[in-house]
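Hi everyone, thanks for coming along. I have one structure to walk you through today, so let me put it up on the screen.

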Amino acid sequence: MTIGVKKVARPEKMSFGESLYLLEIMKGLAVTMGHFLHNIAHNKDIPTIEYPEVRRTMPARFRGCHRLMKRPDGSPRCVACYMCATACPAKCITIVAGESPDPAVEKYPVRFDIDMLRCVFCGQCVEACPCDAIRMDTGWHTPPEDTREKLIYMIDKLLEK
Amino acid sequence: MTPVFDIAVAVARVAVFFAFVFGLVVIMTWVERKGAAYMQDRRGPNRARILGLTLGGVFHPLADALKFLFKEDFIPDGAHRLFYQLAPMFALAPAIMTMAVVPFGPPVTIAGKTIALQIADLNVGILYLFAVSGMAVYGVVLAGWSSNSKYPLLGGLRSSAQMISYEVSMGLSVMGIIMVFQSVRLSEIALGQGALLFGFLPKWGVFVQPLGFVLFLTALYAEANRTPFDLPEGESEIVAGYHLEYASFKFSMFMMAEYIHMVVGAAVVATMFFGGWQFPYLADKGFVLPGGFSVAVPAAAVLILRIGSFVGKTFFFCWLYVWIRWTIPRFRYDQVMRLGWKVMLPLSLLNIFVTGLVLLYIDKGGF
């Protein structure tokens with residue numbers, strides 16, 4: 001027998017009542033009607049979450065959409081070291097570094113784009129970051145958009161979350 | 001009375017019954033989806049809204065119709081253009097025609113004229129019904145063939161085999177009813193069911209022909225291509241079967257045809273096996289209960305009760321389609337054929353034989 005094939009035990013023969021079908025169909029009808037009536041009477045028991053209006057509260061350790069952290073003065077904490085872009089297995093982070101106006105900081109990101117269509121949400125960028133500048137704790141999965149361009153998140157969008 | 005009166009009555013009857021059937025079709029598309037959702041612990045359609053009101057999704061049929069109207073009317077390159085466009089009409093026209101012979105109330109007398117509450121009281125009644133509904137298979141087969149695509153062709157093949165097989169047992173299963181009520185007119189069959197059986201049981205078709213009822217109902221589901229016999233559509237095997245290549249309003253014509261078949265089928269079951277417009281123990285003048293009691297009811301109330309009872313029964317059988325659909329999974333193709341030819345056909349012949357014997361026994365003075 002091929003590996004992984006599971007043999008399900010079936011009754012050798014159906015009893016006369018079962019082979020008539022009608023009684024079994026009645027039982028099935030009773031089950032579906034039971035669900036129907038229960039769901040009408042106890043509307044709140046339906047597990048559906050009505051998404052745009054009601055949102056599931058994600059657990060605290062849920063890792064979803066990225067955000068970039070800011071320093072107390074409002075500039076990005078990121079120093080454009082390319083650690084996250086290097087660690088990224090999906091190669092979805094594009095960074096262009098520039099010289100920082102602040103003498104205490106060497107570089108800052110002129111561009112910092114994350115292509116959310118390629119991102120696999122592995123969290124390697126967060127692990128790699130030496131400055132704790134990128135986090136995935138927004139409690140959000142990527143919301144759907146109607147164009148691909150809107151799903152490439154630029155630095156402004158990443159900073160405002 | 002003038003012919004104008006007759007024409008007005010004829011037009012009014014057609015208009016009323018059309019409105020009834022199409023209204024029920026619209027309601028059924030909503031009931032189907034909402035019923036499915038609640039049986040499967042879901043919420044179902046609840047997004048379409050007018051002025052901020054959703055009312056449990058009742059606006060969805062409206063949204064559907066608008067959507068179908070504004071979609072592109074697409075014809076595949078390889079399709080046979082004439083037959084491809086004719087097929088939805090072939091599907092819809094017989095479906096609409098079948099509703100003509102179903103009586104939705106007792107004859108009423110207005111201004112000295114007796115008016116049958118039925119579009120056409122044909123003397124061939126049931127035979128007309130079978131002849132016309134048998135034509136529905138042409139729409140399906142034409143659609144399957146003219147689309148020039150593999151899945152529709154498979155769907156068309158399946159449905160031609162299935163609908164023709166089940167037509168046999170469907171026709172034979174109502175023979176019992178015709179024998180008992182001595183008529184093929186649906187109006188007379190409905191009238192005959194007003195009598196009482198053994199003095200307390202309404203003489204409904206289901207009580208005199210229980211086996212015939214089960215066989216007819218099964219065959220009806222197979223004829224209407226509804227689950228558990230929806231092999232011509234079979235979403236999980238052949239995508240959508242015969243109407244796979246259809247879009248926009250042509251698709252919605254197939255959809256409407258299916259729902260009209262459902263509604264008319266439900267009305268026919270109600271008429272032949274559940275007394276049609278007969279209300280239990282309600283005679284022309286009022287209630288006559290088995291114990292010898294009688295309660296007088298005004299004539300208008302009697303009429304309303306009777307039409308209401310027909311509407312109620314029709315609605316119940318429409319609901320039964322939905323109920324069955326979300327209860328029983330689809331049969332395998334060989335199982336459908338085996339059930340049709342090896343079980344239903346012999347049983348319907350047996351039903352005719354036993355009915356004949358019992359009728360002969362009663363005729364000779366038995367019971």
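I'll start with the overall picture of the chains and then go through some helix packing.

Please keep in mind that what you see is a predicted model. The scores are ipTM 0.77 and pTM 0.79. For chain B, the average pLDDT is 84, and 98% of the residues score at least 70.

Let's take chain A to begin with. Chain A has 5 helices and 5 strands, and reading from the N terminus, the elements go α-α-β-α-β-β-α-β-β-α. How does the radius of gyration of chain A sit against that of a compact globule? For 161 residues, a compact globule would come out near 15 Å, but chain A has 27 Å. The box filled by the C-alpha atoms of chain A, along the principal axes, is roughly 90 × 50 × 30 Å.

Now chain B, with its 14 helices and 6 strands. Here a compact globule of 367 residues would have a radius of gyration near 21 Å, and chain B agrees with that, at 22 Å. Along the principal axes, the C-alpha atoms of chain B take up a box of roughly 70 × 55 × 50 Å.

Where the chains meet, 13 residues of chain A contact 11 residues of chain B. On the chain A side, those residues are 8 nonpolar, 5 polar and no charged.

On to the helices of chain B. Two packed helices are described by the angle between their axes and the distance between the axes, and I'll do that for three pairs.

My first pair is α5(B), residues 136-146, with α6(B). Their axes are 7 Å apart, at an angle of about 155 degrees. Angles over 145 degrees count as roughly antiparallel, so α5(B) and α6(B) are roughly antiparallel to each other. The crossing of α5(B) past α6(B) is left-handed. On the α5(B) side, the contact uses V137(B), V140(B), V141(B), A143(B), G144(B) and W145(B). The α6(B) side includes P152(B), L153(B), M163(B) and I164(B). By class, this contact has 10 nonpolar, 5 polar and no charged residues.

Stay with α6(B), residues 150-173, for the next pair, because its axis also comes within 8 Å of the axis of α14(B), residues 333-363, and crosses it at roughly 15 degrees. That angle makes α6(B) roughly parallel to α14(B). This crossing is left-handed. Among the α6(B) residues involved are R158(B), Q162(B), Y166(B) and L172(B), and α14(B) brings, among others, W341(B), M344(B), L345(B) and N351(B). The classes here are 11 nonpolar, 7 polar and 1 charged.

What about α1(B), residues 3-39, and α2(B), residues 60-70: at what angle do they pack? The answer is about 110 degrees, with the axes 9 Å apart. The range from 65 to 115 degrees counts as roughly perpendicular, so that is the label for α1(B) and α2(B). The contact is made by V26(B), T29(B) and W30(B) from α1(B), together with H60(B), P61(B) and D64(B) from α2(B). Those residues divide into 3 nonpolar, 2 polar and 1 charged.

To recap the three pairs: α5(B) and α6(B) are roughly antiparallel, α6(B) and α14(B) are roughly parallel, and α1(B) and α2(B) are roughly perpendicular. Thanks for listening, and I'm happy to go back to any of these on the screen.

Technical notes:
Residues numbered from 1 in each chain as written. Chains lettered and ligands numbered in written order. Predicted model: local features only at pLDDT ≥ 70, side-chain atom pairs only at ≥ 80, totals over all residues. Axes fitted to C-alpha atoms, helices over the stretch in contact; angles between N-to-C directions. Helix = DSSP H or I, 4+ residues; strand = E, 2+ residues; numbered from the N terminus. Parallel < 35°, antiparallel > 145°, perpendicular 65-115°, else oblique. Left-handed = near helix turned anticlockwise from the far one by under 90°. Contact = placed C-beta atoms within 7 Å. Nonpolar A, V, L, I, M, F, W, Y, C, P; charged D, E, K, R; others polar. pLDDT = per-residue confidence, 0-100. Rg over C-alpha atoms; globule rule 2.2 N^0.38 Å.
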